[in-house]
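Visitor: I should like to learn how to read the features of a helical model, one at a time. Where should we begin?

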Amino acid sequence: MSLALDKPRSPRRPAARRSNGELYSWLFMRLSGLMLVVLVLGHLFIMNILDGGVHKINFGFVAGRWASPFWQFWDLSMLWLAQIHGGNGLRTVINDYARKDSTRFWLKILLYVSMVLILALGTFVIFTFDPNITND
């Protein structure tokens, strides 16, 4: 006596070839999250406790801080990690919740363009900041 199973109702699809892109994305989120915790908590501790609080932050304070390559690198690292970390998270949300392929495509294009613009502008400001600006 043999048992017979009905054929599946949906046709079988060949297994999709998967790349490691999502694995690397997942790993990046964990590592960048840890680095952001250190950078942001360090930033908050230094700005709010060691340097006397937010009432001391003005143009001169930023000019003095960005005169040092260490602080430029610190702030640039926060900018890049936060932007790419947040963009990657939003990309995941778009992939999960956008129903139509065209909607998903245009939302991701908008996301990528905004990420590039913010990263370019932020990097430009950090590296070209002029502490000797005058009101001429």
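Guide: Let us begin with the length of a helix. Helix H1 has 30 residues, and its first and last C-alpha atoms lie 41 Å apart, close to the 44 Å expected at 1.5 Å a residue. Please bear in mind throughout that this is a predicted model.

Visitor: What span should the 28 residues of H4 have at 1.5 Å a residue?

Guide: The expected span of H4 is 40 Å, and its end C-alpha atoms are 40 Å apart, which agrees.

Visitor: What is the overall secondary structure of the chain?

Guide: The chain comes to 4 helices and 0 strands, and along the sequence it follows the pattern α-α-α-α. Of its 136 residues, 26% count as buried. Among contacts with a separation of 6 or more, 69% join residues 24 or more positions apart. The chain exposes about 11100 Å², of which carbon and sulfur atoms supply 67%.

Visitor: Which residues of H1 are buried, and what covers them?

Guide: The general idea concerns the period of the helix. An α-helix has 3.6 residues a turn, so residues three or four places apart point the same way. In H1 the buried residues are Ser25, Met29, Ser32, Gly33, Leu36, Leu39, Gly42, Ile46 and Met47. Their cover includes H2 and H3. Arg30, also in helix H1, is partly exposed, with a relative accessible area of 44%. The C-alpha atoms of Arg30 and His85 are 9.3 Å apart in space, while the two residues are 55 apart in sequence. After H1 comes Gly52, whose phi is positive, near 95°.

Visitor: Which residues make up the largest nonpolar core?

Guide: A core is read by asking which residues belong to it and which elements supply them. Here there are 7 residues: Leu36, Leu39, Ile46, Trp71, Trp74, Met78 and Leu81. Helix H1 and H3 each supply at least two residues of this core, and the largest share, 4 residues, comes from H3.

Visitor: With which residues is Trp74 in contact, leaving aside its neighbours within four places in sequence?

Guide: The contacts of Trp74 beyond those neighbours are Val38, Leu39, Gly42, His43 and Arg65. Trp74 counts as buried, at 14% relative accessibility. Arg65 has a further role in the picture: its charged end sits over the ring of Trp71, 4.1 Å from the ring centre.

Visitor: How many aromatic pairs does a search of the whole structure find?

Guide: The search finds 6 aromatic pairs. To classify a pair, one reads the distance between ring centres and then the angle between planes. For Trp66 and Phe129 the centres are 5.3 Å apart and the planes stand at 85°, so this pair is edge-to-face. Trp66 lies in the loop between helix H2 and helix H3, and Phe129 in the segment after helix H4, so the pair ties together parts that are 63 residues apart in sequence.

Visitor: Are Trp66 and Phe129 buried or partly exposed?

Guide: Trp66 is buried, with a relative accessible area of 17%, whereas Phe129 counts as partly exposed at 24%. Ring pairs also link Phe59 with Trp66 and Phe129 into a cluster.

Visitor: How are the rings of Phe70 and Trp74 arranged?

Guide: Phe70 and Trp74 form a tilted pair, with 5.7 Å from centre to centre and 50° between the planes. Both lie in helix H3, 4 residues apart, about one turn of the helix. Phe70 counts as partly exposed, at 47% relative accessibility, while Trp74, as noted, is buried at 14%.

Visitor: Which residues of H4 are buried?

Guide: The buried residues of H4 are Arg104, Leu111, Met115, Leu119, Gly122, Thr123 and Ile126. What covers them includes H3. Thr123 serves as an example: this residue of helix H4 has a relative accessible area of 18% and is buried.

Visitor: With which residues is Thr123 in contact, its neighbours within four places in sequence left aside?

Guide: Thr123 is in contact with Leu76, Leu79 and Trp80. For Thr123 and Leu79, the C-alpha atoms are 8.1 Å apart in space, although the residues are 44 apart in sequence.

Key:
Residues are numbered from 1 along each chain as its sequence is written. This is a predicted model: local features need pLDDT of at least 70, side-chain atom pairs count only at pLDDT 80 or more; totals for chains, interfaces and linings use all residues. Side-chain values use heavy atoms; hydrogens and water are left out. Rings of Phe, Tyr and Trp (its six-membered ring) pair if their centres lie within 6.5 Å; planes under 30 degrees apart count as stacked, over 60 as edge-to-face and the rest as tilted. Buried means under 20% relative accessible area, exposed over 50%, partly exposed in between (1.4 Å probe, protein chains only). A charge sits over a ring if NZ of Lys or CZ of Arg is within 6 Å of the ring centre and within 35 degrees of the ring normal. A nonpolar core is a set of buried Ala, Val, Leu, Ile, Met, Phe, Trp, Tyr and Cys residues joined through side-chain atoms within 4.5 Å. Contact means heavy atoms within 4.5 Å. The expected span of a helix is 1.5 Å times one less than its number of residues. Accessible areas come from the Shrake-Rupley method with a 1.4 Å probe; for residues, only the protein chains shown count as cover.
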